[in-house]
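Please consider how aromatic rings are arranged in the structure shown here, and where charged side chains meet them.

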Amino acid sequence: MKLQSPKHIIVGMSGGVDSSVTALLLKEQGHHVEGVFMKNWEEDDTDTFCPASVDMADAQAVCDVLKIELSRVNFAAEYWEAVFSHFLAEYRAGRTPNPDILCNKEIKFKAFLAYAKQRGADYIATGHYARIQAVDQQYHLLKGLDPQKDQSYFLHALDQDQLANSLFPIGHLEKSVVRELAQKAGFKNHIKKDSTGICFIGERKFKSFLNEYLPAKPGKIQTLDGQTLGTHDGLMFYTLGQRQGLNIGGIKDTPEAPWYVADKNLAENILIVVQGHDHPALFARALIASQVHWINGIPGPFPLSLMAKTRYRQSDQACIINQIEDDRYHIAFSQPQRAVTPGQSVVFYQGEHCLGGGVIVSAEK
């Protein structure tokens, strides 16, 4: 989305190369640019776990080069209430949530957007690899042009107002080009590694972190036919399709193929596993989704023939969508999908357009 005249734009600066180049490009286009560093986590805030101070320093160094102001705003209370409480509730219920999607919806494009508007900004901008297209006063979310970095999956819950007031200046660029621009501009963070995972977990082991907030309840690990193989540390620590961390040895008279998590029996606290990456029990032909959000309204009468992803970086999968109730949908895939996980999101596409998505409730084998 190109702007016709200079605007006041506040950039969410993370200290990483993507948001840094976002600010650089907007400054070069002649806009009045400011940076904001968002602090979203207070608990156990040390450099070991969530190096906010290091990231803040990196963001400040970039702003010094660009000669723009950098402010710091604390959204920790909003994050705890809107994102982290949901994160814990989902794990408590045996599901595997995706907090990045909720963080975008509730913090980066809601709390931050409201803050920027109070500061008199015309737009906010972030370093997401996605694009916004305005057509007849409708705002469309498009994939980023770098297929390895496209982040539209995490942005599918944004609404028209959020898209109308947001900019993604690097969405048309490849990551390698972004790093080159940062290096040419003299940004020291041009070789900084991309952040992975969830900031409030940081470099800690996920199991240790979750144990601080939810009591673990060990139980049995069993095969589909009820044979007990060992014990698990708590169902919340495992996700469907997982191989690592099961600590299961071989079984007599059974080939030594790896074991994978196939299901969770919440009622009896049993983790169900199968052998082999492509075991049929790991695949689902359909799923039920709820909390479905359509960015530009439902794109036609049901049944809808679209493409979908059930996880980030998955290739688009052909599917047929039918509406069951107002907010419940049945999605049937042309090819069975591996490790369809309740709590994760299914996101719908039509070509390069991200149409929206919802939360996976259950899978149909």
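Two rings of Phe, Tyr or Trp (for Trp, the six-membered ring) are taken as a pair if their centres lie within 6.5 Å; planes over 60 degrees apart make the pair edge-to-face. The model examined here is predicted, and a search of the whole structure yields 18 aromatic pairs.

One of these joins Phe75 and Tyr115: the ring centres are 6.4 Å apart and the planes stand at 85°, so the arrangement is edge-to-face. Phe75 belongs to the loop between strand S3 (70-74) and helix H3 (76-92), whereas Tyr115 belongs to helix H4 (residues 99-118); the pair therefore ties together parts that are 40 residues apart in sequence. Phe75 counts as buried because its relative accessibility is 5%. Tyr115, at 18% relative accessibility, counts as buried too.

A further edge-to-face pair is formed by Phe84 and Tyr213, with 5.0 Å from centre to centre and 80° between the planes. Since Phe84 lies in helix H3 and Tyr213 in the loop between helix H8 (206-211) and strand S8 (219-222), this pair ties together parts that are 129 residues apart in sequence. Phe84 has 0% relative accessibility and therefore counts as buried.

To which cluster do Phe84 and Tyr213 belong? Ring pairs link both residues with Trp41, Trp80, Phe87, Tyr91 and Phe209.

Charged groups also meet aromatic rings. The charged end of Lys143 sits over the ring of Tyr349, 4.9 Å from the ring centre. Arg338, in turn, lies over the face of Tyr260, at 5.2 Å from the centre of that ring.

Conventions: Residues numbered from 1 in each chain as written. Predicted model: local features only at pLDDT ≥ 70, side-chain atom pairs only at ≥ 80, totals over all residues. Heavy atoms only, no water. Phe/Tyr/Trp six-rings, centres within 6.5 Å; stacked < 30°, edge-to-face > 60°. Helix = DSSP H or I, 4+ residues; strand = E, 2+ residues; numbered from the N terminus. Buried < 20%, exposed > 50% of the residue type's maximum accessible area, 1.4 Å probe, protein only. Lys NZ or Arg CZ within 6 Å of the ring centre and 35° of its normal.
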